[in-house]
Structure formats: C-alpha cells, structure tokens
Amino acid sequence: AVVSTQSGHYGRGGTILGITTLVGALVAQVPQIIAIIKSKNVDGLSFNGFSIEIFSLTIQVLYFVVQEYDLLAYSDISILLVQDYVIVILMLLYGKEALGAREYGNIIGYLVAVASVVVGTVTKDMIVMVMVSDFQTLSFLQEFKVFIEM
C-alpha cells in the first residue's frame, strides 16, 4: 500500500488507493477475530505462523517510520499488525495446548527486538539494512523459483 513518497506527495489516485487499502486492512481479519471470540476455538491457527507475520510487519512498520514516510503509506500494515496481536492474544487465551520452547522463544525474541529499538540499541541504519536484505532475499527466492520451474 505504498502510495506515498517520503516527501508526502500523492496523486488523487494514490490517495484513493491508499484509503481503499486502509479500509480493506481495517476489516481483513475482523471476521476471523469475531469467529474466534464466538467459538473460543483457535484450532488450525499457527502460533508460529502469526509470530513470523508479526516479525515481518513490525520490521516493515519500523522501516517506514525511520525513513519518515507519511502514515498513509504504512497505516494498513500497522492495522494488520494490531489485528495479528489480537489473534495471538486470543490464541494464548483459547489455545488447548501449552506453548513449547519454540513459541516462548518467538515471544522473548520479539520482545527483546522491540526493546532494543525502543532503547536505541538498534539504529535506523540497522533497520534499513534488515529491510533491504529482506527485499534482496525475496528477489533471490523469486528468481530461484523461476529457475526451478524451468
């Protein structure tokens, strides 16, 4: 939903697209959240999958913040991140199985990473480097997939 530049100039189409994407993000996981609350059942949801998504979305939000993008450029990602937090909390409340070492590792790792950003151990340059390396890794994997399919 990157419809903005760092300088904050949008075209009318970019603004409309940004708002449309934002509205879509607002309701993306709401039906799932409501279904979990009504049924008190989280069977079939992957705690580790949501953990990975939360890590990814957090890195993206941090990147947009440190690069000083306008809020509209990443508000949809922020909203999805909040919805993921809600789902993970519901998984902790309604999950039938106890968390294992892997899940606790995900939680502790995330909290340490966020605390490192808050206290300044992780710099703006580090966040940019992580985001750029993620893009390079995704690009490599896409090229590798095309090569494998040949």
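A polar contact is taken here as a pair of N or O atoms within 3.5 Å, one of which must be able to donate a hydrogen and the other to accept it. In the predicted model, such a contact, 2.8 Å in length, joins the side chains of Thr58 and Tyr110. Thr58 is part of helix H3, which spans residues 47–66, and its relative accessibility is 10%; because buried residues are those under 20% relative accessible area, Thr58 is counted among the buried ones. When residues up to four places away in sequence are left aside, Thr58 touches Leu81 and Tyr85 in addition to Tyr110.

The protein chain as a whole contains six helices and zero strands, so that the order of elements from the N terminus on reads α-α-α-α-α-α. Of its 150 residues, 27% count as buried. Among the contacts with a separation of 6 or more, 78% are made by residues 24 or more positions apart.

One example of residues that are far apart in sequence involves helix H6 (residues 124–149), where Met131 is located. Met131 and Gln60 are separated by 71 residues in sequence, while their C-alpha atoms lie 7.1 Å apart in space. Apart from residues up to four places away in sequence, Met131 touches Ile59, Gln60 and Tyr63. With a relative accessible area of 5%, Met131 is therefore buried, the cut-off being 20%.

Side chains of opposite charge can pair when their charged atoms come close. A search of the whole structure returns one salt bridge, which is formed by Asp43 and Lys96, with 3.3 Å between the closest N and O atoms. This pair links distant parts of the chain, since Asp43 belongs to the loop between helix H2 (30–39) and H3, whereas Lys96 belongs to the loop between helix H4 (71–94) and helix H5 (101–119), the two residues being 53 residues apart. In contrast to the buried Thr58, both Asp43 and Lys96 are exposed.

The largest pocket encloses about 300 Å³ of space. It is lined by 13 residues, of which Val42, Leu45, Gly95, Lys96 and Glu97 are the closest to its centre; Lys96 is also the salt-bridge partner of Asp43. By class, the lining of this pocket comprises seven nonpolar, two polar and four charged residues.

Methods:
Residues are numbered from 1 along each chain as its sequence is written. This is a predicted model: local features need pLDDT of at least 70, side-chain atom pairs count only at pLDDT 80 or more; totals for chains, interfaces and linings use all residues. Side-chain values use heavy atoms; hydrogens and water are left out. Helices (H or I, at least four residues) and strands (E, at least two) are DSSP runs, numbered from the N terminus. Buried means under 20% relative accessible area, exposed over 50%, partly exposed in between (1.4 Å probe, protein chains only). Contact means heavy atoms within 4.5 Å. On a 1 Å grid over the protein atoms alone, a cavity is a set of points where a 1.4 Å probe fits but cannot get out, and a pocket is an open set with protein on both sides within 12 Å along at least five of seven lines; lining residues have an atom within 4 Å of a point. Grid points are joined across faces, edges and corners, and a volume is the space filled by probe spheres set on the points. Ala, Val, Leu, Ile, Met, Phe, Trp, Tyr, Cys and Pro count as nonpolar, Asp, Glu, Lys and Arg as charged, and the others, Gly among them, as polar. A salt bridge is a side-chain nitrogen of Lys or Arg within 4 Å of a carboxyl oxygen of Asp or Glu.
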